[in-house]
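Me: I should like to go through a protein model and ask, for each label attached to it, what the label rests on. Please set each value against its definition.

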Amino acid sequence: MTATGRERRRAPRVHASFPIHLSTETGTLEGVLRDISTVGLCCQIPAALREMTLVRMRLELPGVPEPADVEGVVVRAEKLRDKTPATYDVAMFFASISPAARQSIEAFVQRNLITEAAH
């Protein structure tokens with residue numbers, strides 16, 4: 001948030017905690033989704049990825065029957081302290097997303113915004 005308390009993000013995000021499957025030129029990774037919005041996500045993975053790395057992702061969203069396949073670009077990667085084995089917090093912006101995947105993500109985000117607001 002900014003000093004005035006307003007959110008700077010372009011889209012609301014919701015907390016999440018479920019597996020995510022990532023593929024890059026150098027191989028595949030399994031991680032855990034931390035949060036997601038309609039424009040990107042943040043996950044925790046066991047390897048560092050450089051900024052601007054293109055990543056293919058398969059999201060198996062709870063309550064959504066079909067997985068969402070998207071491509072994203074790494075915009076931030078930080079090693080988490082005091083985590084063994086090494087764990088990295090990686091934020092990605094969606095670079096390519098099918099209409100069906102976008103609709104699935106939008107539905108998941110909207111459903112969870114309502115749930116989070118109720119708590």
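The exchange below takes up the labels one by one.

Reply: This is a predicted model, in which local features need pLDDT of at least 70 and side-chain atom pairs count only at pLDDT 80 or more, whereas totals for chains, interfaces and linings use all residues. Residues are numbered from 1 along each chain as its sequence is written, and side-chain values use heavy atoms, with hydrogens and water left out.

Me: What makes up the secondary structure of the protein, and in which pattern along the sequence?

Reply: The protein has one helix and seven strands, and the pattern along the sequence is β-β-β-β-β-β-β-α. These elements are DSSP runs numbered from the N terminus, where a helix is H or I over at least four residues and a strand is E over at least two.

Me: Why is F108 called buried or exposed?

Reply: Buried means under 20% relative accessible area, exposed over 50%, and partly exposed in between, with a 1.4 Å probe and protein chains only. F108 has 4% relative accessibility and therefore counts as buried. F18, at 10% relative accessibility, is buried as well. Of the 119 residues in the protein, 37% are buried.

Me: Why is the pair of F18 and F108 called stacked, tilted or edge-to-face?

Reply: The search of the whole structure finds one aromatic pair. F18 and F108 form this pair, with 5.8 Å centre to centre and 80 degrees between the planes. Rings of Phe, Tyr and Trp (its six-membered ring) pair if their centres lie within 6.5 Å; planes under 30 degrees apart are stacked, those over 60 are edge-to-face and the rest are tilted. The pair of F18 and F108 is accordingly edge-to-face.

Me: What parts of the protein does the pair tie together?

Reply: F18 lies in the loop between β1 (13–15) and β2, and F108 in helix α1 (residues 99–118), so the pair ties together parts that are 90 residues apart in sequence.

Me: How do you know how many disulfides there are?

Reply: A disulfide is a pair of cysteine sulfur atoms within 2.5 Å, and the search of the whole structure finds zero. C42 is in no disulfide, and the nearest cysteine sulfur, that of C43, is 6.4 Å away. From the side of C43, the closest cysteine sulfur is in C42, and 6.4 Å is too far for a bond. Both residues are buried: C42 has 2% relative accessibility, and C43 has a relative accessible area of 0%.

Me: What makes a set of residues a nonpolar core, and how many residues has the largest one?

Reply: A nonpolar core is a set of buried Ala, Val, Leu, Ile, Met, Phe, Trp, Tyr and Cys residues joined through side-chain atoms within 4.5 Å. The largest has 29 residues, and I36, L41 and I105 have the most contacts inside it. At least two residues each come from β2, β3 (27–37), β4, β5, β6, β7 and α1. Strand β7 gives the most, with five residues.

Me: Which residues does L41 touch?

Reply: Contact means heavy atoms within 4.5 Å. Leaving aside residues up to four places away in sequence, L41 touches, among others, I20, L33, M57, V90 and F94. For the protein, 51% of contacts between residues at least 6 apart in sequence join residues at least 24 apart.

Me: What makes the link between T24 and T26 a polar contact?

Reply: A polar contact is a pair of N or O atoms within 3.5 Å; within protein, one must be able to donate a hydrogen and the other to accept it, and residues adjacent in sequence count only if both atoms are side-chain atoms. The side chains of T24 and T26 are joined at 3.0 Å. T24 is in strand β2 (residues 19–24) and is buried, with a relative accessible area of 9%.

Me: What is notable about the backbone at M52, D82 and P85?

Reply: M52 has a positive phi of about 75 degrees although it is not a glycine; it lies in the loop between β4 (40–45) and β5 (54–59). At 64% relative accessibility, M52 counts as exposed. D82 also has a positive phi, of about 60 degrees, and is not a glycine. D82 is exposed at 81% relative accessibility. The peptide bond from T84 to P85 is cis, with omega near 0 degrees, and P85 is in the loop between β6 (68–79) and β7 (88–97).
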